[in-house]
Amino acid sequence: MELVFILEQLTNGLLVGVYYLLIALGLSLIFSLGGIVNLAHGGFYAIGAYVMVTVADRLGYPAAFVISPIAVALIGIVVERVFFRKFYRLDPALGLLLTFGIAMVIEQVLRMVFGATPRPFSIPEFLRGQVFVGDFIYSRYRLAILGVAVAAVAGLWYLLQRTPFGRIVRAGIQDPDMVGALGISLKPYLTAVAALGIGLAGLAGGIMAPITGVHPAMGNEILIAAFVVVVIGGLGSFWGVVLAALLVGAVRGLTVYFFPPAAEASMYLLMFLVLLLRPRGLFGERIARLE
């Protein structure tokens, strides 16, 4: 029976890991291609949760599940064209200040529109209940979240590794000047990457809303964890971020079982150990433009 408890905690940890992964992949993509450290990513995560709650109240959960990430991605396109585009070639510190300001604006707008009180959001009826596999019992909704996250990450991997779009994005990350010399403008790709990354944050906010609750500052905590995952995995590495998210989730889940007071600190300790041995992260790639 004890092994079952450990397995449940490990699964919970992996759920947290894939939830961080959805946000960390977007952060890593936007930073790698455009050099923008997007501190507003947590704000877009919160917008995704609010869109999910609002649309679900009117049109039902399935419609909200589709509309929420698309709506946040469209907001991301506007933000990229109005703000990010002016900061791509400037000092990264300026992009940091810009996105910090955007994050503050998003939080305050959410407070004004929806109020500061957390909004409850229930798990949809058709995903309630538990799955039984022998002695192992687990929430049906949490398993559904795992499935959605795995599908989203697989789709993003296919887009980046198996399509012309992905090849240009990867080339732009390594050497944007060479891509420009070939007559390819990176502007539409920067917009698409921002929409993808921010849309993933919106998706994460929406699907996690019934578990974490919905409030204006909900993006702050998740943003720090997502940065930890990016740092552990290494800048510019898709599989590095994936592995880091799973490692963080597994370490957290096991720490919750064996020593709960250290659960929150476990990912920071993991980051410290990784950086001690590999300063660029587990699979960090050298990106000359950013070094």
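Gly-76 is buried, with 0% of its relative area accessible. This glycine lies in helix α3, and the model it belongs to is a predicted one. Along the chain, Gly-76 and Ala-194 are 118 residues apart, yet their C-alpha atoms are separated by just 6.1 Å.

Next comes the nonpolar interior. In soluble globular proteins, nonpolar side chains tend to be buried together. Here, the largest nonpolar core has 87 residues, and the members that touch the most others are Tyr-20, Leu-22, Phe-44, Tyr-45, Phe-84 and Ile-232. Helix α1, which covers residues 2-34, supplies the largest share of this core with 14 residues. Take Phe-44 as an example: setting aside neighbours within four places in sequence, its contacts include Val-72, Ile-75 and Val-79. Phe-44 also reaches Asn-38, Ile-106, Ile-198, Ala-201 and Gly-202.

Ile-232 turns up again around Leu-282. Leu-282 sits in the segment after α11, the helix of residues 263-277. With a relative accessible area of 18%, Leu-282 falls under the 20% cut-off and so counts as buried. Apart from neighbours within four places in sequence, Leu-282 is in contact with Ile-232, Gly-233, Gly-234, Leu-243, Leu-247 and Val-274. Phe-87 is another story: Leu-282 and Phe-87 are 195 residues apart along the chain, and 29 Å separates their C-alpha atoms.

Some nonpolar side chains are on the surface instead. Leu-59, Val-66, Ile-67, Ile-70 and Leu-74 make a nonpolar surface patch of about 460 Å². Helix α3, spanning residues 61-82, gives the most to this patch, with four residues. Leu-59, on the other hand, lies in helix α2, which runs over residues 41-59. Leu-59 counts as exposed because its relative accessibility is 59%.

Then there are the charged pairs. Side chains of opposite charge can pair when their charged atoms come close. The count of salt bridges comes to five. One of them joins Arg-85 to Glu-80, with the closest N and O atoms 3.5 Å apart. The two partners are covered to unlike degrees: Arg-85 is partly exposed at 31% relative accessibility, whereas Glu-80 is buried at 0%. Arg-128 and Glu-125 form another salt bridge, at 2.9 Å from N to O. In that pair, Arg-128 is partly exposed, with a relative accessible area of 41%, and Glu-125 is exposed at 61%. A further salt bridge brings together the side chains of Glu-264 and Arg-252, 3.0 Å apart from N to O. This pair links distant parts of the chain, with Glu-264 in helix α11 and Arg-252 in helix α10 (residues 238-258), 12 residues apart. Glu-264 is partly exposed, with a relative accessible area of 37%, while Arg-252 counts as buried at 18%.

Finally, there is a hairpin to look at. Strand β1 (residues 130-133) and strand β2 (residues 136-139) run antiparallel and are joined by four bridges. Phe-132 has Ile-137 in β2 as its bridge partner. Two residues lie between the strands of this hairpin, and Gly-134 takes a positive phi near 65°.

Terms used
Residues are numbered from 1 along each chain as its sequence is written. This is a predicted model: local features need pLDDT of at least 70, side-chain atom pairs count only at pLDDT 80 or more; totals for chains, interfaces and linings use all residues. Side-chain values use heavy atoms; hydrogens and water are left out. Patches are made of residues with over 30% relative accessible area and no salt bridge: like charges are joined within 9 Å, nonpolar side chains (Val, Leu, Ile, Met, Phe, Trp, Tyr) within 5 Å. Accessible areas come from the Shrake-Rupley method with a 1.4 Å probe; for residues, only the protein chains shown count as cover. A salt bridge is a side-chain nitrogen of Lys or Arg within 4 Å of a carboxyl oxygen of Asp or Glu. Buried means under 20% relative accessible area, exposed over 50%, partly exposed in between (1.4 Å probe, protein chains only). Two strands pair if DSSP finds at least two bridges between them. Contact means heavy atoms within 4.5 Å. A nonpolar core is a set of buried Ala, Val, Leu, Ile, Met, Phe, Trp, Tyr and Cys residues joined through side-chain atoms within 4.5 Å.
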